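User: I am new to reading protein models, and I would like a close look at how one pair of helices packs together, followed by what surrounds that part. Could you take me through it step by step?

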Amino acid sequence: MSAIDNAQARLDAALAPVQSRLEPLLDSLSPRDRKLLMGLMGAACVALIAAAGWWMTATLDGLRADIEERKDTLAFVRQSVAEYEANQTRLEQIETELKRHAGTDLAAFLEKAAESASIEERPGVRHSATTQLGSLEAKTFSVNLSRVSLDQFLDFLYQIETNGYPLRITDSSVKGVKRSDTKVLNIKLDIVSYKLLDSEEEEG
């Protein structure tokens, strides 16, 4: 006997008591009542199948929503990791620039930038404040450029912004004046320069 035949025999044996009770009941029913009973049983089967289908659909929808949520979470984690790695790379670049310019005085740097921009007068540089931001030292300077052309000023800005020196222009004022029928500019810049402190300087 095959496994299927064995299973069928066990099922028949299990249903035999039920069949033995139902057969007298069905025989006692009129044809009309028997049709009504079969209709009710068919409707119950249809309702059971519909309920099972609805449950399976709801379960599948829940699984799909869970999969989409997990995909979104995975995408967020990957984006966060990428941003963290980018920030770490940028931080390393900033630290490298801070160390590279650690021995360069801001006044000397600005003077060299002015020479590159063909500005004759040396920039006036005056230190106004020093603050400590964790491992960073921030110094604020007032910088004056006198009687420069617009092209010279733009060239000067290009020199200081692209050289990698750790500074930030926080404020500026520009005043136009005439010199020998030529309009020139007097400019005042507020500049903050940054220095990376070593452990001894930070504790001090």
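Analyst: In this predicted model, the place to begin is the pair formed by helix H3, which covers residues 106-116, and helix H4, which covers residues 150-162, whose axes come within 8 Å and cross at roughly 135°. Because that angle falls neither among those over 145, which count as roughly antiparallel, nor among those from 65 to 115, which count as roughly perpendicular, H3 is described as oblique to H4. The crossing in which H3 passes H4 is right-handed.

Which residues make this contact? From H3 come Phe109, Leu110, Ala113, Ala114 and Ser116, while H4 brings Asp155, Phe156, Gln159 and Ile160. Sorted by character, the residues of the contact of H3 with H4 comprise six that are nonpolar, two that are polar and one that is charged.

Following the chain on from H3, one comes to the loop between H3 and strand S1 (124-133), and in this loop is Ser118. The backbone of Ser118 deserves a careful look, since its phi is positive, at about 60°, although Ser118 is not a glycine. A comparable case is Arg147, which lies in strand S2 and is likewise a residue other than glycine with a positive phi, here near 50°.

Strand S2 also leads to another feature of the model, the second largest pocket, because S2 (136-148) and strand S4 (182-196) are the elements that give two or more residues to its lining. This pocket has a volume of about 190 Å³, and it is lined by 15 residues, of which Thr104, Lys139, Tyr165, Ser193 and Lys195 are the closest to its centre. The element that gives the most to the lining is S4, with four residues. Taken by character, the lining of the second largest pocket divides into eight nonpolar residues, three polar ones and four charged ones.

Key. Residues numbered from 1 in each chain as written. Predicted model: local features only at pLDDT ≥ 70, side-chain atom pairs only at ≥ 80, totals over all residues. Heavy atoms only, no water. Axes fitted to C-alpha atoms, helices over the stretch in contact; angles between N-to-C directions. Parallel < 35°, antiparallel > 145°, perpendicular 65-115°, else oblique. Left-handed = near helix turned anticlockwise from the far one by under 90°. Contact = heavy atoms within 4.5 Å. Nonpolar A, V, L, I, M, F, W, Y, C, P; charged D, E, K, R; others polar. 1 Å grid on protein atoms, 1.4 Å probe; cavity = no way out; pocket = protein on both sides within 12 Å on 5 of 7 lines; lining within 4 Å. Points joined across faces, edges and corners; volume = space filled by probe spheres on them.
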